[in-house]
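Me: I am new to this structure and would like to learn how to read its helices and its sheet. Can we go through them in turn?

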Amino acid sequence: MGRKLLFTAFLIFGSFIIYPPVIAESPKEMTYIALGDSLTAGLGSSEENYLRIHAFVPQFTKYLRKENTVKVVNYGIPGLTSTGLLALLSGDEGLRNRLKTADIISISIGGNNFLQTVRSVPDPEESQLDLNMQILERSLKENYELIREINPKATVMLVGLYNPYPSDHPLHKLGEEYAPKFNSSVKKLSSGSTLFIDPYEAFVNREVALTHIEEDDIHPNDQGYQEIVALMQKAYEKAQ
């Protein structure tokens with residue numbers, strides 16, 4: 001009897017060595033902070049219960065929550081320019097404290113700088129665009145450096161511009177010139193944990209399908225936001 005019990009105990013002990021118990025990993029806790037203009041705010045997305053759940057911030061959050069516990073804070077401000085973002089970062093201590101603990105930070109900025117240019121000068125010359133681009137590049141760099149000073153370890157996702165204007169629109173050529181120049185400046189900042197999200201090609205020849213431009217609204221529709229989210233997911237997964 002004693003030998004039988006000893007043999008049974010040996011078998012049970014051995015099964016733990018050969019087949020160790022499976023321990024499920026706890027979901028990782030993450031903080032995602034979204035900074036930027038009306039694109040971050042989700043203008044153009046359809047609403048459900050007054051929430052723009054199809055915009056890129058909630059959709060990217062939904063993607064992250066498949067494997068993580070995610071706290072999200074959206075600082076999307078319609079009309080925000082690059083200099084406005086710098087003022088926000090410099091003047092809001094609460095925001096800076098939140099950024100310190102962020103795991104992911106997304107930034108969409110630059111579109112309103114372009115709109116300001118074309119609205120103030122309906123037919124701007126090349127020199128005017130170049131001057132505005134230089135100002136934008138400088139403030140963009142200052143924003144990025146300040147964010148990295150606050151949080152050097154977070155994954156930062158820099159969302160570039162698309163051209164919302166179809167080929168028959170009066171502003172098509174300006175958008176075709178401005179957006180790639182801006183995106184080129186943004187791309188220079190990307191390296192390591194700083195990711196560049198370039199939506200330009202995804203919108204080429206699909207401006208009407210992906211935006212509300214036929215209603216004179218440059219913002220993406222749900223399908224347009226879906227294109228941006230797909231690019232964010234791809235870049236994020238590649239960086240892991």
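Me: How are H3 and H11 oriented to each other?

Reply: Keep in mind that this is a predicted model. Two packed helices are described by the angle between their axes and by the distance between those axes. Here helix H3 (residues 56-64) packs with helix H11 (residues 222-239) at an angle of about 40 degrees, and their axes are 9 Å apart. H3 and H11 are therefore oblique to each other. Their crossing is right-handed.

Me: Which residues of H3 and H11 make the contact?

Reply: H3 contributes Phe 56, Gln 59, Phe 60, Tyr 63 and Leu 64. From H11 come Tyr 225, Ile 228, Val 229, Met 232, Gln 233, Tyr 236 and Glu 237. Sorted by class, the contact of H3 with H11 has 9 nonpolar, 2 polar and 1 charged residues.

Me: In what order do the strands of the open sheet run?

Reply: Strands of a sheet pair through backbone hydrogen bonds, either parallel or antiparallel. In this sheet 5 strands take the order E2-E1-E3-E4-E5, with parallel pairing. Strand E2 (68-76) and strand E5 (194-197) are the edge strands, each pairing on one side only. On average, neighbouring strands of this sheet are turned by 15 degrees against each other, direction ignored.

Me: Over how many bridges do E1 and E3 pair?

Reply: Strand E1 (residues 28-36) pairs with strand E3 (residues 104-108) over 5 bridges, in the parallel sense. Gly 36 stands opposite Ser 108 in E3.

Me: Which strands does helix H7 touch?

Reply: Helix H7 (residues 126-150) packs on the sheet and touches E1, E3, strand E4 (155-159) and E5. The direction of H7 makes about 165 degrees with that of E4.

How values were computed
Residues numbered from 1 in each chain as written. Predicted model: local features only at pLDDT ≥ 70, side-chain atom pairs only at ≥ 80, totals over all residues. Heavy atoms only, no water. Axes fitted to C-alpha atoms, helices over the stretch in contact; angles between N-to-C directions. Helix = DSSP H or I, 4+ residues; strand = E, 2+ residues; numbered from the N terminus. Parallel < 35°, antiparallel > 145°, perpendicular 65-115°, else oblique. Left-handed = near helix turned anticlockwise from the far one by under 90°. Contact = heavy atoms within 4.5 Å. Nonpolar A, V, L, I, M, F, W, Y, C, P; charged D, E, K, R; others polar. Pairing = 2+ DSSP bridges.
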